[in-house]
Amino acid sequence: MLAVKLAFRTIMRRKARMALIGLLVAFGSFLLTFGGMFAHSAAVASRDSIIHNFTGDFIVYSASSRDLPSPFAFNTPLPVMRNSADISAALSALKGVDAFTFYAQNYAILEAERNGRKVDLPFIFYAIEPESFRRVFDNVKMKDGSFFGTGNGDGDGTDAISKTRGVLISDFQSSQYEKNYGVRLVSGEPVKILGLTEGGVNTVSSSLEGTFTPIHYTSVFNYINFMDEKTYASLFNYTGVESLPESFNTALASADSGDEGIFGLASSESLSSLDLSSLKSETLSGYTMAAVRMKDHADSSVAMAALLADTALGVKVARWDVASGFYAKIAAALQAFIFIATGLVFLVVVMIFMNTLIINVVERTGEIGTMRALGAEKSFIKSVLVAETLILNVPSAALGMLASLALFALTKGTGFPLPESISQFLIGGGPLPLALSATPFIVAFLSVLVVSVLATVYPASVASSIAPQEAMAER
C-alpha cells in the first residue's frame, strides 16, 4: 500500500514526464489494437469476397484435369465434367452445403451486323445456369435487359419470369465494342455466336439479353460476360443420348475384357438389333467446374473428403484459396504488409517508450540512494517503480484502446476507406468493412504490461545496487 502511495505522489510531482510516457503508451496501444483489427478485417473480407465472387468455399472439377481450376482459365478450359447430374446429387446430399452452381469458362466470337456489314467481336464468358449462379455469386447489377429472364440481377428474384437464352455483356465491354469496332450492341439484338470446336467452327444464332455492371472486382468482371448453359452446349456440340438398351451396355462391358470382346461386338446380336431411331438425344452441359458454398462458411474439409472418397464421381476438389489463383496470394501479401507495417511502427513507439522509462529511472538514482539510506529494501524500491509504471500505463493503454473502438464505431457503417487500386485486389473494391476481434486488445494489453515491467525492473535493479552514499552524491 505504501508503495502505491509513493507511486501516486511521484506521478503527480512529475506530471510533464509522466504525461509524455502516457501519450506514447496510448498511441502504441491504439496502433496495435486498430492495426490488428484492420489486418483481421482485411483477412476476413478478402476471403469472403473471393468466396462470394469467384470460387465459393471450394471448387469441384474433373479428375482428369492436369491444371488447377482458376477464375481466369479462358485460354485453357478444364476438361468437361460429363456426370454433372451425379455430382449435383452428391453435393445435394452433403451436410453443410448451402448452395452450388456449375459453370464453364471459354471464349468465342460474337457476330453482329451493321449496315449490311458483319462485325466480329471477341467474347470471353462464363457459361452458367442462371438461377443457381445467382444463389452462389451475387455480383451482377443489370443496366438493361434481364439476367436471362430471372430478374434484374439484384438477387431478390421478385421479378422472375420465364427463363430466356442468349448472352449478357458487361457495360464496359459494350463501350469497348463501340470504341474499337464502332458497334454498340443493344438488348434484344440478334447476334450470331461462333465457337471453335474439334470439328471446326460452329455457329449458333442467339440474342443479347442485356448489359450489366459488376458490383465487385470490376477490374476482372468488366471483361467477363455470360452465356446460358443451353446455348453453350449447342455452340460446342455437347450432346449425347439419354440411355442405351441394357443388353447393349452388357455387350460393351464384356468388350472391355480384351481384343476378342471388342471385335466380337460386330457380330453381337444386341448391336445388330439396335434401333437407332429409338434413341433419344440429350444436351450435355459442358460444365467444367462447380462452385460450392458452405453454410456460414463452415469448414469444407469433410465435404471435400466425401467427394474425393466417391471415386465413381471422378472429381478433384480445390479450396477457395487454392482455386482463386493470384488473387489470394496478392490479398495475403497485402495482409502481411499491414501486419509488418503495424509491427514496425509499434516497435519504434515501444523503443521510444522504453527509452523514456529507462531514463526516468536512471535520473532518479539519487532519490533511490536516499530511500536506500533510510532503510528501504531493493524489492521495495522496485515495487514502487513498477507501481508507478503500471498506474500510469494501464489507464493510458485503455485510453488508446478506447480510441481504436471509437474509430471502429465511426467507420462501422461506411467501412474504412482504401485506395481503389488496393481495394480492388484486397476485397473487390470499396471501403473495408471492419470486424471487431478481441485478439488485438489482448495482445496490446499484454504487450504494454510486458514492456512496462521490462523497462522498469532492470534499470531499477541497477540503480538500487549502487551504494547509498554514491547514489546520494549524484544528486
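Ring pairs tie Phe54, Tyr103, Tyr126, Phe133, Phe137, Phe147, Phe148, Phe212, Tyr217, Phe221 and Phe226 into one cluster. The model is a predicted one, and the count of aromatic pairs in it comes to 23. One of these joins Phe172 and Tyr223 edge-to-face, with 5.0 Å from centre to centre and 70° between the planes. Phe172 belongs to helix α5, while Tyr223 sits in the loop between α6 (218-221) and β8 (225-228), so this pair ties together parts that lie 51 residues apart in sequence. Neither ring is hidden away: Phe172 has 26% relative accessibility and counts as partly exposed, and Tyr223, at 42%, counts as partly exposed too. Then there is the pair of Tyr232 and Phe236, whose ring centres are 5.1 Å apart; the planes meet at 55°, so this one is tilted. Here both partners, Tyr232 and Phe236, are buried.

Back to helix α5, which spans residues 171-181 and has Asp171, Gln173, Ser174 and Tyr177 as its buried residues. Looking down the axis of α5, these buried residues fall within an arc of 165°, so they line one face of the helix. After α5 comes Gly182, with a positive phi near 70°.

Next, the nonpolar interior. In soluble globular proteins, nonpolar side chains tend to be buried together. The largest nonpolar core in this model has 31 residues, and Phe38 and Leu432 are the ones that touch the most other members. Two or more residues of this core come from each of α2 (15-55), α13 (326-362), α15 (378-411), α16 (420-427) and α17 (439-465). The biggest share is that of α2, which gives 12 residues. Leaving aside residues up to four places away in sequence, Phe38 touches Ile338, Phe416, Leu418, Leu432 and Leu434. A separate core of 30 residues lies apart from this one, and its members include Tyr126, Phe226, Met289 and Ala323. Two of these names, Tyr126 and Phe226, also turn up in the aromatic cluster.

Helix α16 also holds Ser423, which has 0% relative accessibility and therefore counts as buried. Beyond residues up to four places away in sequence, Ser423 touches Leu418 and a run of glycines, Gly428, Gly429 and Gly430. Leu418 is among the contacts of Phe38 as well.

That leaves the empty space. Rolling a probe the size of a water molecule over the atoms shows where such space is left. The second largest pocket has a volume of about 230 Å³, and its lining consists of Phe30, Leu31, Phe34, Gly35, Phe38, Phe337, Ile338, Ala341, Thr342 and Phe416. Both α2 and α13 supply at least two residues of this pocket's lining, with α2 giving the most, five residues. Phe38 thus appears in this lining as well as in the largest nonpolar core, and its contacts Ile338 and Phe416 line the pocket too.

As for closed space, the structure holds four cavities of 30 Å³ or more. The largest cavity takes in about 70 Å³. Around this cavity lie Leu24, Val25, Gly28, Ser29, Phe346, Val349, Val350, Phe353, Ser447, Val448 and Val451. At least two of the lining residues come from each of α2, α13 and α17, three helices that also give two or more residues apiece to the largest nonpolar core.

Conventions:
Residues numbered from 1 in each chain as written. Predicted model: local features only at pLDDT ≥ 70, side-chain atom pairs only at ≥ 80, totals over all residues. Heavy atoms only, no water. Core = buried A, V, L, I, M, F, W, Y, C linked by side-chain atoms within 4.5 Å. Buried < 20%, exposed > 50% of the residue type's maximum accessible area, 1.4 Å probe, protein only. Helix = DSSP H or I, 4+ residues; strand = E, 2+ residues; numbered from the N terminus. Contact = heavy atoms within 4.5 Å. Arc of directions from axis to C-beta. Phe/Tyr/Trp six-rings, centres within 6.5 Å; stacked < 30°, edge-to-face > 60°. 1 Å grid on protein atoms, 1.4 Å probe; cavity = no way out; pocket = protein on both sides within 12 Å on 5 of 7 lines; lining within 4 Å. Points joined across faces, edges and corners; volume = space filled by probe spheres on them.
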